Amino acid sequence: GGGGGGGEVRPEDPHASATLTPIEAGEARRDFDLLLGMCTHALAAAAERRPADGSPPDARDDEAAACTLALPQLLSEAYLQPDVLPPGSFELLLSLLARLGEASPHPQMRDAVAAVAAHLAPRLGGYAAPPPTGDLVPPLGRSPADAARLVAAAQQLCAAPALRAIPALRAPASLCQPPPPQPLPVAELRSLALAVEAIATLPDSLPAGAALPYLPTAFTVVLRVTHAVATSPPVADPPGAAAAAALREACLISVATLRRRCAAPADADERLEEASSGLAVAKATLRTSAAASALEVLQATPVASRGLMLRAVLALVEGLPLGGGATAVHTGVAAAAREMVASETQGEAHAALLAFLAAIKEQPDLLHFYLTELLPDVAASFKTGCDRLGAIKLLLLACTLSSAEAAPALFSLTLPLLIHGMSVAADGPSSKVDAELSAVAHAALTALASRSADAFRASVANFSTETRSRMEVAIREEQAKKQRAVAASPGAAVTAAKPKIALKMDFGSFSAKA
């Protein structure tokens, strides 16, 4: 403004006057229109350029980047309304951003565009809702077709980083084939993390019926990005490794978000409404199809890289009831998990299955199915596996979650492995890992004896002489070690506290198995 004075603000200074005078609502709206027009013009100029990757940004790129960084503040919910930002203008802005997010050679610009997409994705409900009017002809730009076109443009914007990083997503024919390993450039990781969260969040801003058509594309993009980051080689530098870890977590969060969008509502009236409209059947079909697609991607993933994909697929089948086509999906998922249990990725499989079994504990049929499918392989690989501690934890959780009817069979499978995991002096010095395993095995044995004494006794009665003898020796040595520790501690009590659970040391009363 006019009038300098060494930075002194005078009342007659037009800039100072404009700053100190409250902005009226009408003026704010005009300012919004002006600023949005400037941003749109700068983005259009940058989108027209076709520089090669690695070329330095020029003034137009810098201006477009500054405008893109400002858009989340400019496009607040107060202005993301059809009456303020017309659908036609909004759709143009979305298309320009999508072009830059996919084609810009500058990573900072692509990250900024992805951040705008993440900001807009949960805020599009006003454009998808029917206009509040009783007119037979909707206002300009407010028809269902207009709303569908705008949401599709928003989804294209959300998917732009994935389309750039995974070219196969542009070819529908290639999506019918299992994906090959797809290493991701480190420069794409941050924008991809924003992209998968945005494309998964977008349907949440739409009415249930209106969101359904956009879910298949969202599932496809999220699963392909998950596969790509799972099969990418490890990143050495710390910032890149952190970005890869953030992308992995974003993929899992996005899968869970999309799964919830396909779930039946908690409210009984809403469930009845969905059932009568056919939406419940459509959602169930989509949920099964998405799980089947995820299984295909998992099966196409090398076993050594399946950890992340297994977690994603388990998250999808978590609420998928057995029956129909879903049974084949569950059978395939269990088979893929068994392959991991028998491989060097055993630890990742155990961790994923621990979380999964805990998540389905209220679904007895599904829980029984997976326990039956998986536990024999977990037990069979215990002695030679690289994650014996994880196997013990998994078996202990299964015993804890199982029904009373299934307890004897699970105890017979688990208890001999616990005994084998206990260290005895005859084995020689224990490593740190073996010592930890032995401590967990002792605690698990006590917990199982307390949980179901009858199943415990029935299992012990069928122990071989060797197993029973090792059990007695291990318990005796453990108690002696605790007594020595108490005696060696300063000020130790003369009488040790009586244990809450007493295990019999003489198992001769149980019938021995030859």
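**Exercise 1. Locate L445 in the predicted model and decide whether it is buried or exposed.**

Step 1. L445 sits in helix α20, which covers residues 432-451. The model used here is a predicted one.

Step 2. The relative accessible area of L445 is 1%. Buried means under 20%, so L445 is buried.

Step 3. L396 is 49 residues from L445 along the chain, and the C-alpha atoms of the two are separated by 9.1 Å.

**Exercise 2. Describe the overall make-up of the protein chain.**

Step 1. Count the elements: the chain has 22 helices and 0 strands.

Step 2. Look at burial. The chain has 514 residues, of which 43% count as buried.

Step 3. Look at the surface. About 25200 Å² is exposed, and carbon and sulfur atoms supply 60% of this area.

Step 4. Look at the contacts with a separation of 6 or more. Residues 24 or more positions apart account for 75% of them.

**Exercise 3. Find the surroundings of S343 and classify its accessibility.**

Step 1. S343 belongs to the loop between α15 (325-341) and α16 (346-359).

Step 2. Its relative accessibility is 14%. The limit for buried is under 20%, so S343 counts as buried.

Step 3. The side chain of S343 reaches the backbone oxygen of M340 at a distance of 2.9 Å.

Step 4. Leaving aside residues up to four places away in sequence, S343 touches V303 and C386.

Step 5. Now classify C386, one of these contacts. C386 has a relative accessible area of 56%. Exposed means over 50%, so C386 is exposed.

**Exercise 4. State how many disulfides the structure has, and examine C67.**

Step 1. Recall the term: a disulfide is a covalent bond between the sulfur atoms of two cysteines.

Step 2. A search of the whole structure gives 0 disulfides. C67 is in no disulfide, and the nearest cysteine sulfur, that of C39, is 3.8 Å away.

Step 3. Compare this distance with the cut-off. A disulfide needs sulfur atoms within 2.5 Å, and the sulfur of C39 is 3.8 Å away from that of C67.

Step 4. C67 has 12% relative accessibility and therefore counts as buried.

**Exercise 5. Work through three of the salt bridges, giving distance, location and burial for each.**

Step 1. The structure holds 18 salt bridges. Each requires a side-chain nitrogen of Lys or Arg within 4 Å of a carboxyl oxygen of Asp or Glu.

Step 2. Take E188 and R110. Their closest N and O atoms are 3.1 Å apart. This pair links distant parts of the chain: E188 is in the loop between α7 (144-165) and α8 (189-201), R110 is in helix α5 (residues 107-120), and they are 78 residues apart. E188 is buried because its relative accessible area is 6%. R110, at 4% relative accessibility, also counts as buried.

Step 3. Take E339 and R306. Their side chains meet in a salt bridge of 2.7 Å, N to O. Here too the pair links distant parts of the chain, with E339 in helix α15, R306 in the loop between α13 (279-300) and α14 (307-317), and their positions 33 residues apart. E339 counts as partly exposed at 43% relative accessibility, whereas R306 counts as buried at 5%.

Step 4. Take E478 and K481. The salt bridge between their side chains spans 3.4 Å, N to O. Both are in helix α22 (residues 465-488), and because they are 3 residues apart, about one helical turn separates them. E478 is buried, with a relative accessible area of 17%, while K481 counts as partly exposed at 45%.

Step 5. Salt bridges can also share partners. In this way E91, D146 and R149 are joined into one network.

**Exercise 6. Name the residues that form a nonpolar surface patch with L35, and place L35 in the chain.**

Step 1. L35 forms the patch together with L34 and M38. The accessible area of the three together is about 290 Å².

Step 2. L35 lies in helix α2, which runs over residues 25-48.

Step 3. L35 has 41% relative accessibility and so counts as partly exposed. Residues in a patch must have over 30% relative accessible area, and L35 has 41%.

Conventions
Residues are numbered from 1 along each chain as its sequence is written. This is a predicted model: local features need pLDDT of at least 70, side-chain atom pairs count only at pLDDT 80 or more; totals for chains, interfaces and linings use all residues. Side-chain values use heavy atoms; hydrogens and water are left out. Patches are made of residues with over 30% relative accessible area and no salt bridge: like charges are joined within 9 Å, nonpolar side chains (Val, Leu, Ile, Met, Phe, Trp, Tyr) within 5 Å. Accessible areas come from the Shrake-Rupley method with a 1.4 Å probe; for residues, only the protein chains shown count as cover. Helices (H or I, at least four residues) and strands (E, at least two) are DSSP runs, numbered from the N terminus. Buried means under 20% relative accessible area, exposed over 50%, partly exposed in between (1.4 Å probe, protein chains only). A polar contact is a pair of N or O atoms within 3.5 Å; within protein, one must be able to donate a hydrogen and the other to accept it, and residues adjacent in sequence count only if both atoms are side-chain atoms. Contact means heavy atoms within 4.5 Å.
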